[in-house]
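Me: I'm new to this one and would like a close look at a single part of it. Could you take me through that part slowly, and then show me what surrounds it?

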Amino acid sequence: MSKDYEDDLPITASKFMDELRRYHKGSVSRRHFLGVTGLGTAMAVMSSAVPSLAPGRALAAGNLSNKMVLATWPNYHNPKTLENFTGATDVHIQANVFGSNEEMIAKMQAGGGGVNVIENTNYTFQDYVKLGLLTPLDLSRIPNYDPSTQNPKFAEASTVNGKVYGVCKNWGTTGLVINSSKVKNVPKSHKDFFDVTMGEGSGHTILHDYQLTTIGAALCALGYSFNSVNAGELAKAEKLLIDSKPHLFAITSDYQPGLRSGDAWMSICWSGDGKQLNTDLPEMKYVIASDGGELWSDFYSIPADTPSLDTSYAFINYMMDPKNQVLDAEAHGYPTSDSRVAALQPASVQSDPILHPAKELFDGLEFGAAVTLTDPIRAEVMARFKSA
Amino acid sequence: MGNKKGSWLTAALLAPTTLWFLIMLVFPLIVVVIYSFGERAPVGGYVASLTLEQYANLPSRLKAFTNTMTFAPLGALMCLIIAYPLAYYLAVKVSQRWKLLLLVLVILPFWTSMLIRTYAWIFILGGRGIPTLLEIIGIEGVRLINTPFAVVVGIVYGYLPLMVFPIYVSLDKLDKRLLEAASDLGSTPFRSFVQITLPLSMPGVATGCMLVFILLMGEFLIPAFLGGGKVFFIGNALVDLFLQSRNWPFGSAVAVMLVIIMLVTVSLYMRFTMGGKSGRDTSIM
């Protein structure tokens, strides 16, 4: 019997076409198709021989989609980190930039539709979990995350009823940014800040379009807690805000353009933005107010209706790699809660007074509370202030 | 028999449109009305209830309503003042050769997102934009961005094409022989314009004003970007209520009120501008 070339093949040409048609029609699974045709083995052999063909490490975690949606904040990632992730996994990232946690919750509550990972803040977990909008994390699927290297002060907010719903991305403070070339007596407190706004700096102050920080700043200026939901204290804060409104440059959370153009001289400011502004324009001073302020941490969490759990985990795991965290932090500027990252960063980052404030100022800061976010009186105070 | 068949055909042809309106307009509107009688859930959203509380709270957004009812007609008027000469020039004066190119130039801005174009105005009107140029010629301390003026500029910029086209269409159809006849009979150009051109272009003017006015009633982007959050429209109040304070029932009540105001103004407007006219004049609507 003569030997045909087909005898050594795992499958004949016509059988292969039959299987291909069955796979096309959906009669057999991809796995069956790859197995019966020998293509799966061929791919495995080839990829071990040609390493660049091997799927990325993240791929080993399961089937990744070719696209993912990330719900994030302005200026919050190094584009290089995201490009590297796409390079390693072939998953393209669509970043949806939000203006506030309320807006993010509202979108998720209305059926977020297609978001893989959200970057929510410490005080939102109670609400998200209550509304059933998050997937409890299986930390074994995030091998790059090491709970023992996390600072629990920043990382613990994502644990609700004993389940972990998020891993900490970074933390920061909410203070004030002042253009010291325009404002001679740089305010040291929220009280000074509002005094200057309604005095020498009239027309040049930005308040956030965000009740948590804007009402918080007014409450601190009056000597109350950043988190107050006391109706009497909120009424006084509302009065202060409405009195200051004619003196404001804008009410917006996108405050960098106004400050950079010189139109605005002062703003409520998150520390990473303070760092970015101060790096580019040294006259921009970041101030943690002596009468209080906010301490916060942001997390990576997975919505309950994520279109691809595997992709969500792959992304979070990638971002938890200390090397990638260092690269990401080079752009967003915020300190991370992971001691492995601190060890890899230059000493100047660790001693930076904007990112790591002096202990006496740091001790006066409060974490935002869940009720601060959802309190209906605060929401209404903000709405009345804006429409006044 | 034949008649019955015809009505079946009509029904079949209208079915997709009817279905579309039912699903995309009527049902959502019913949902909004139902929500407006509800209450805000403790963590935001909606819980069923039957209360008029949301409607009673409407006066707290009075400023947003008055702002909208000021800026929407003002914006439409400014658009009209600027669009009419432009449309007239395009329809009457420009040679056939250039007409198409110029019309394309009017639409050109629509090829980029409104968001990006409005954002660009932040820099044009900001401290390093026009005010810096004014300083060169000695006018100092001018603030343009985050003022009502900036909002009007943004409105005129964004909505001008919507005004130009209806007016252009009605002027383009104008029978030039009427103007010749008037001239032969000794009419001055100004009188011909007032007595012939202007009345015959009114359907276009009415359509343009209506388009701009109705869309402006729901505008939120321009006041947010160019008004710095200080010029507050109903659109901004709605965005806040649904996305920030997540008070969906109150947001629904505001939305219902907006629809009512719009229906009333538009029907009054139609009565005044179209009243007594024949169907031909309103065909453009």
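Let's start with chain B: in what order do the elements of chain B run from the N terminus on?

Reply: Happy to, and keep in mind that this is a predicted model. From the N terminus on, chain B reads α-α-α-α-α-α-α-α-α-α-α-α-α. That fits the count for chain B, which is 13 helices and zero strands. Its C-alpha trace spans about 80 × 75 × 30 Å along the principal axes. Of the 285 residues in chain B, 33% count as buried. If you take the contacts in chain B between residues at least 6 apart in sequence, 74% of them join residues at least 24 apart.

The part to zoom in on is α11 of chain B, residues 234-244. Most of α11(B) is covered, with nine of its 11 residues buried. Going along the helix, the buried ones are I234(B), G235(B), N236(B), A237(B), L238(B), D240(B), L241(B), F242(B) and Q244(B). As a rule of thumb for reading such a list, an α-helix has 3.6 residues a turn, so residues three or four places apart point the same way. After α11(B) comes R246(B), which has a positive phi, near 45°.

Now for what α11(B) does at the contact between the chains. That contact takes 27 residues from chain B and 31 residues from chain A. On the side of chain B that touches chain A, α3 (62-93) and α11 (234-244) each supply at least two residues. The top contributor on that side is α11(B), which gives five residues. By type, the chain B side splits into eight nonpolar, 11 polar and eight charged residues.

Across the contact sits chain A, so let's look around there too. Chain A has 19 helices and 12 strands. Buried residues account for 47% of its 388 residues. Among chain A contacts between residues at least 6 apart in sequence, 78% join residues at least 24 apart.

One strand of chain A to find is β11, residues 293-301: nine of its nine residues are buried, so the strand is largely enclosed by the rest of the structure. Strand β6(A), residues 166-179, runs antiparallel to β11(A), and eight bridges join the two. You can spot this pairing where V167(A) stands opposite Y300(A) of β11(A). β11(A) also pairs with β12(A), residues 365-367, this time in the parallel sense and over three bridges. There, L295(A) stands opposite F367(A) of β12(A).

For a helix pair in chain A, try α10(A), residues 231-244, and α19(A), residues 376-387, which pack at an angle of about 15° with their axes 10 Å apart. An angle under 35 degrees counts as roughly parallel, so α10(A) is roughly parallel to α19(A). Their crossing is right-handed. On the α10(A) side the contact is made by A231(A), L234(A), A237(A), E238(A), L241(A) and I242(A), while α19(A) brings I377(A), R378(A), V381(A), R384(A) and F385(A). Together, the residues of this contact come out as eight nonpolar, no polar and three charged.

So, back to where we began: α11(B) is mostly covered, and α11(B) gives the most to the side of chain B that touches chain A.

Notes
Residues numbered from 1 in each chain as written. Chains lettered and ligands numbered in written order. Predicted model: local features only at pLDDT ≥ 70, side-chain atom pairs only at ≥ 80, totals over all residues. Buried ≥ 20, exposed ≤ 12 C-beta atoms within 10 Å, placed from the backbone. Helix = DSSP H or I, 4+ residues; strand = E, 2+ residues; numbered from the N terminus. Pairing = 2+ DSSP bridges. Axes fitted to C-alpha atoms, helices over the stretch in contact; angles between N-to-C directions. Parallel < 35°, antiparallel > 145°, perpendicular 65-115°, else oblique. Left-handed = near helix turned anticlockwise from the far one by under 90°. Contact = placed C-beta atoms within 7 Å. Nonpolar A, V, L, I, M, F, W, Y, C, P; charged D, E, K, R; others polar.
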